[in-house]
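Welcome! Here are some short exercises, each with a worked solution. Take a look at the model, then work along.

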Amino acid sequence: MEAQKKRIFSGIQPSGDLTLGSYMGAIRNWVALQDEYDCLYCIVDMHAITVRQVPADLRRRSLEQLAQYIACGLDPEKNIMFIQSHVPQHAELSWVLGCYTQFGELSRMTQFKDKARKHADNITAGLFTYPVLMAADILLYQADLVPVGEDQKQHVELCRDIAGRFNGVYSETFTLPEPFIPKVGARIMSLTNPASKMSKSDPDGCVYMMDKPEDILRKFKRAVTDCETAVRFDPEQKPGVSNLLSIYCAATGKTIAEAEADFDGQGYGVFKPAVGEAVVELMRPIREEATRLLADKAYLEGIYREGARRAQQLAEKTLRKVYKKVGFVAR
Ligand code: TYM
């Protein structure tokens, strides 16, 4: 009999079009891990409404995101892919876990502080309690591993703290998850401002997975570097060039030393378009396949419906256990 595989859960918010950052920080590893683990990959639409969304765009992007997951190489036969709002247990467990999370813990989350600064006129309770919903996502499925970019590490650590606290009060209930952060590509920076993370909400500094090749090339040609000419990895002194080198390595599979050797004595005029070309070639098959899949809405609907059905079965098991432990009367 085959040994029970370990479980993975991860998700991305459909709050903007998918970027090279989400690909290199997360999806690429999901694809690499899909054979070794039992995986659930989610489109976390409930997280997306923690900041204001245009409803039609949110709906469109949720479907596009599913098509992109598959186009990146996630096999719908092997992985459970679903939309968060289709599995009501996420909201239910989130309420319970919120009662085992401290105000002080949530106040310390750096992403909350950043987002509260950016959306100063709309700091909602949802934005504040968002890491609790994320903990519920992970703990509902007893995930062992959570493949994410560097920016989500703090949230996964809080999830472990909440799980450990609950287990301590009520006996073993939740598996404690580990974050899985890639060695290369864990923090892709903006092309226009290498001091800040590449994010969906910054169209110029960001490469979208569905960008046309000419747009990708233009963005790389304009990428901010420095006033030297040497292609050398040094995140402190040369953040722009180092970011481009990381992207080049993540796209080609080369090491930093190999990449530096490729561009030895060549200058940025050769380097920047070469990184652009590498990304164009990486994204081309994904964009083409996603476009093809998006034309078949019935196929996508079949996948997210079946995904939600299977996810609900797993989620309900955990939720029932939790409700019993906290003392709710069985329904
Ligand atoms: P989100 O939607 O902001 O990002 C999705 C994934 O992409 C990674 N990422 C990056 N990695 C490297 N460089 C970048 N510039 C970059 N930008 C984004 C993120 O680290 C993430 O892995 N809260 C999560 C979504 C979520 C989740 C979960 C993740 C909700 N529930 C449960 C894991 C498990 C988020 O907002 O990711």
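A polar contact is a pair of N or O atoms within 3.5 Å; within protein, one must be able to donate a hydrogen and the other to accept it, and residues adjacent in sequence count only if both atoms are side-chain atoms. The model is predicted, so local features need pLDDT of at least 70 and side-chain atom pairs pLDDT 80 or more, while totals for chains, interfaces and linings use all residues. Residues are numbered from 1 along each chain as its sequence is written, and side-chain values use heavy atoms, leaving out hydrogens and water.

**Exercise 1.** Find the polar side-chain atoms that lie close to the ligand's oxygen and nitrogen atoms.

*Solution.* Start with K200: a polar side-chain atom there lies 2.9 Å from a ligand oxygen. Next, Q152 places a polar side-chain atom 3.1 Å from a ligand nitrogen. Finally, a side-chain N or O atom of D151 is 2.4 Å from a ligand oxygen. Alone, the ligand exposes 710 Å², and the protein buries 97% of that (Shrake-Rupley method, 1.4 Å probe; for residues, only the protein chains shown count as cover).

**Exercise 2.** Is N29 buried or exposed?

*Solution.* First, locate N29 in helix α1, residues 20-33 (a DSSP run of H or I, at least four residues). Then read its relative accessible area: 12%, so N29 is buried (under 20%; exposed is over 50%, partly exposed in between; 1.4 Å probe, protein chains only). Beyond neighbours within four places in sequence, N29 contacts M24, P147, F180 and P182 (heavy atoms within 4.5 Å).

Conventions
Helix = DSSP H or I, 4+ residues; strand = E, 2+ residues; numbered from the N terminus.
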